[in-house]
Amino acid sequence: MSLNCLQFRAESNVFRKVIDYPARGLVFDRNGKLLVSNESTYDVLVTPNRVEEFDTLDLCNILGITIETFRTEYKKAVKYARYKESVIFKQLTKRRYSNLQEKMYKFPGFNVQKRTARHYEYPYAAHVLGYIREADTALIAREPYYKPGDYVGVSGIEKSYEKQLRGVKGLKIYVVDVKNRIQGKYKDGKFDSTAVVGENVTSTLDIDLQVYGEKLMQNKVGAIVAIEPSSGEILALVSTPGYDPNLLIGSDMTANYMKLVRDRFRPMYNRAIMGCYPPGSTFKTINALIGLQEGVIKTNTSFPCNGGFSIGRHVVKCHHGGSLDLVSAIQHSCNAYFCHEFNKIIDDKKYKRADTAYSNWRRRVQSFGLGKKLGSDLSQEVNGIIYSKDYFNRFYGEGHWSAFTIISLSIGQGELSFSPLQICNACATIANRGHYFIPHIVKTIGKDQKVDERFYQPQETGIEDEYFETVIQGMYQVCEMGTGRSARVPGVKVCGKTGTAQNPHGKDHSIFEAFAPMENPKIAIAVYVENGGFGATYAAPIAGLMIEKYLNDTITRKDVEQRMFNANLMDLNAQMKN
């Protein structure tokens, strides 16, 4: 045996190195309300080569585990290393810790280290806040900071701001006797280091609005995203069904996690940023703006609607009739109008080829943050779908497709899918008359330290300001006299657009986007209710209630509120009735 090995074994017999784990930083909402705090918990550790004969049943009773469980965990510790300390039982409660401390002298080779566990102050916002779990072997191999038994954020704010929240571990070295009893600090603590508590984080979330949104969406599958247009700060991010974040802490975490994973409604799936849905008729506002900028229509341009738009034998049906200008087409959500307009965009002779015109159209769509990752500070954000011309060239053959081939794109159907976050951001872009700020969920870190500078840089669409006023007027008429009347808020000018996305697997999805007030907007919102039918049925009233809650902090339409609270679309019978 080498000298170094002998020296190491000797040191292991007289020293105990104890990691001083820092408390994670706290998380607050935008108004200073505490969202995530810490609770004291304790891990029981064992060093197998120091263990002497003891009463196994007595220890198991204190820990609240079976002898079989103890033996399984002890074998793992022996296999890990006989001379190294490792965790044998995690997150002991304060009561059990007190009982153990009284009898600790009976269990040589065992030790307790203090840890902190997360506590979520509200049984809501799980997808925003995220959760923590033990670092896996892949992370430990990738980042030397983490050791077995360390905890790390794996979703939401806990993951995105892990380095700020985790703090810095400290180390204390003690001298122990042959019974593993502490005799004092090694060298009077000369080589000790102090843990640094994690930094607190102030989120952009309005927890009252978040809770209200989750209550409105109870017994429904879908999402709500609300953004402050002037800053890109996310006010609410709802994905339902959700779950109580406290389910994923403590000794029951693994069992609860498996239950959530097996739930057929997938409560851990964050539909707000990961869900990909056709935008439906909400997309007509984007096509209107592109058509105006490209000069293929003007504000007073009108197209005929005779119950739809015909392409040979194929008809895009429409519930309207007559001839409409742009504002009226948005107000009444006329399919025929936007089919005619899209045809002119793709058939624009200045581009010579349909695929070239399409590429330009696609570029303008993406300038609204659609069909690409926005770069928010929430992980797991999806790109969405808006195919390049190469996709259609492969599918139909180069030069063998036109606007008629992909006419469904004109009304937000076909080869288009965006996340609710992207739809809300596009709505905020319209509210800002042509630019957006990258959506983000954290406002400040520590003592007023700002987040990444990129969140403060406006992202421009390149569409002239004047064109937005016409579209916004149309959106205002949607809520005043059109398909979105159920989103009206007393005393507030709400601008919105309904959507009904076709769903090949069942009832259509109910969609609504809106912002308010019309001038100096304070909130932009997108609501998706899966299998909710028309946009006006569920999405629009939910959006209106959210706007009223945020702007007025009160609800006047109690009947509408109760109808939304009570609606149960997760029950198959309820779906059929609706």
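In the predicted model, residues C427, T429 and I430 of helix α17 are in contact with F468, I472 and M475 of helix α18. This contact comprises 5 nonpolar residues, 1 polar residue and no charged residue. Helix α18 spans residues 465-481, and its axis lies 10 Å from that of α17, the two helices packing at an angle of about 115 degrees.

Helix α17, residues 420-431, also lies across four strands, namely β11, β12, β22 and β23. With respect to β23 (523-529), the helix runs at about 145 degrees. These strands belong to an open sheet of 5 strands, in which the order is β12-β11-β23-β22-β21 and the pairing is antiparallel. The edge positions are taken by β12 (233-240) and β21 (495-501); each has a single partner strand, so one side of each has no neighbour in the sheet. On average, and with direction ignored, neighbouring strands of the sheet are turned by 5 degrees against each other. At the β21 edge, the antiparallel pairing with β22 (residues 509-516) is made through 7 bridges. Within this pairing, C495 is placed opposite F515 of β22.

Strand β11 of the sheet also contributes to a salt bridge. The side chains of E228 and R30 meet at 3.8 Å, N to O. E228 is located in β11, whereas R30 lies in the loop between β2 (27-28) and β3 (34-46), so that the pair links distant parts of the chain, 198 residues apart. In total, 27 salt bridges are found in the structure.

A further set of helix contacts involves α12, which packs with both α14 and α15. For α12 (residues 284-294) and α14 (residues 335-346), the axes come within 10 Å and cross at roughly 40 degrees. An angle of roughly 40 degrees is not under 35 degrees, the limit for roughly parallel helices, and α12 and α14 are therefore oblique to each other. Their crossing is left-handed. On the α12 side the contact involves K284, N287, A288, I290 and G291, and on the α14 side N335, F338, E341, F342 and I345. By class, these are 5 nonpolar, 3 polar and 2 charged residues.

The packing of α12 with α15 (residues 354-366) has an angle of about 120 degrees and an axis separation of 10 Å. These two helices are likewise classed as oblique to each other. The crossing of α12 with α15 is right-handed. Residues I286, N287, I290, Q293 and E294 of α12 make this contact with N360, W361, R364 and V365 of α15. The contact contains 4 nonpolar, 3 polar and 2 charged residues. N287 and I290 of α12 thus appear in the contact with α14 and in the contact with α15.

Apart from the sheet described above, strand β18 (residues 442-445) pairs with β10 (residues 201-203) in the antiparallel sense through 3 bridges. In this pairing S203 is positioned opposite V442 of β18. Strand β18 is also joined to β19 (residues 449-450), again antiparallel, by 2 bridges, with I445 opposite Q449 of β19. The β18 and β19 strands form a hairpin with 3 residues between them, and G446 in this hairpin adopts a positive phi near 60 degrees.

Conventions. Residues are numbered from 1 along each chain as its sequence is written. This is a predicted model: local features need pLDDT of at least 70, side-chain atom pairs count only at pLDDT 80 or more; totals for chains, interfaces and linings use all residues. Side-chain values use heavy atoms; hydrogens and water are left out. Axes are lines fitted to C-alpha atoms, for helices over the stretch in contact, and angles run from 0 to 180 degrees between N-to-C directions. Angles under 35 degrees count as roughly parallel, over 145 as roughly antiparallel, 65 to 115 as roughly perpendicular and the rest as oblique. A crossing is left-handed if the near helix is turned anticlockwise from the far one by less than a right angle, and right-handed if clockwise. Contact means heavy atoms within 4.5 Å. Ala, Val, Leu, Ile, Met, Phe, Trp, Tyr, Cys and Pro count as nonpolar, Asp, Glu, Lys and Arg as charged, and the others, Gly among them, as polar. Two strands pair if DSSP finds at least two bridges between them. A salt bridge is a side-chain nitrogen of Lys or Arg within 4 Å of a carboxyl oxygen of Asp or Glu.
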